[in-house]
Amino acid sequence: MFTLHYAPDNASLIVRLVLEEMGLPYTTALVDRRDNAQRSEAYLKVNPMGLIPALETPDGPIFETAAILLWLSEHTGKMAPAPAAPERGVFLSWLFAASNGLHADLRQVFYAERYSDAPADHRLRAAERIGTALDRFEGLAGQNHNWFAGKQPSVLDIYVTVMMRWLALYPKGQTDWFDIQRWPLLHGLASRLEARASTAVAVTAEGLGKTPLSAPRYPQPPEGSAL
């Protein structure tokens, strides 16, 4: 049994979708951002970085989204190339490009005021990098890999499409630059993923709406606070 420490419409959504797709049993523990619970003494014992999510496992807690996804794929043998597979190296390259590049730049867009005294310019430059990164993932989606935009979902599929959801919504009132349909192969991937039963569970749990990946709307979570 796993425990997912989560907040609605947070990176924990990526982990929730993967857990559901893998069919793993888990419980959830809300980390309420309205109370700054991610900085509480209790939560810092689980994730000393003070970020969400964290996943408690029989082997101890894991934090950082990409680390959780990688551990789960290795633990189950699902949703990623096996460690000895020839395509493992290139898959890992793209997984960490998503984590260290795309995900990092999302934070620069969402919280530009934390990083610069000129947040508008800072946000614009980060948005340009994100557009370039998504262009590259769009190209990857057309290369017929079984670990990205293939017949069965991968952890990388879920990681990238959930980030596209956020780009369509946040920061509120500052998303005119982003059009999810600019990347038709990624948009198609999003549509396929949201039709799966695993996504339906997350829709109910976090109030995400009927088209959470292909045509996102702001969530109405039954508990906690979204971004």
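1. Helix α7 is a good place to start in this predicted model. It is mostly covered, with 14 of its 15 residues buried. The helix takes in residues 155–169. From its first C-alpha to its last it reaches 22 Å, close to the 21 Å expected at 1.5 Å a residue.

2. Next, please look at helix α1, which covers residues 12–22. Nine of its 11 residues are buried, so this helix is largely enclosed by the rest of the structure. The buried ones are Ser12, Leu13, Ile14, Val15, Arg16, Leu17, Val18, Leu19 and Met22. You will notice that Arg16 is one of them.

3. What covers the buried residues of α1? The cover includes three strands, β1 (2–6), β2 (26–30) and β3 (54–57). It also includes the helices α3 (65–76), α7 and α9. So the α7 of the opening point, with 14 of its 15 residues buried, turns up here again as part of the cover of α1. Just after α1 comes Gly23, whose phi is positive, near 75°.

4. Now step back to the whole chain. It has nine helices and four strands. Reading from the N terminus, the order is β-α-β-α-β-β-α-α-α-α-α-α-α. The radius of gyration is 17 Å, close to the 17 Å that the globule rule gives for 227 residues, so the chain is as compact as a globular protein of that length. Along its principal axes, the C-alpha trace spans about 45 × 45 × 30 Å.

5. How much of the chain is buried? Buried residues make up 51% of the 227. Contacts tell you about the fold too: among those between residues at least 6 apart in sequence, 61% join residues at least 24 apart.

6. As for the surface, the protein chain exposes about 10,400 Å², and carbon and sulfur atoms supply 52% of that area. The chain carries 21 positive and 24 negative charges, and the mean positions of the two sets are 2 Å apart.

7. Finally, a residue to set against the buried helices: is Lys210 buried or exposed? Its relative accessible area is 82%, and the cut-off for exposed is over 50%, so Lys210 counts as exposed. You can find Lys210 in the segment after α9 (197–206). If you would like a distance to check in the viewer, try Lys210 and Leu102: they are 108 residues apart in sequence and 25 Å apart in space, C-alpha to C-alpha.

Methods
Residues numbered from 1 in each chain as written. Predicted model: local features only at pLDDT ≥ 70, side-chain atom pairs only at ≥ 80, totals over all residues. Heavy atoms only, no water. Helix = DSSP H or I, 4+ residues; strand = E, 2+ residues; numbered from the N terminus. Rg over C-alpha atoms; globule rule 2.2 N^0.38 Å. Buried < 20%, exposed > 50% of the residue type's maximum accessible area, 1.4 Å probe, protein only. Contact = heavy atoms within 4.5 Å. Areas by Shrake-Rupley, 256 points an atom, 1.4 Å probe, with all protein chains shown as cover. Lys, Arg positive; Asp, Glu negative; His and termini not counted. Charge placed at Lys NZ, Arg CZ, Asp CG, Glu CD. Expected span 1.5 Å × (residues − 1).
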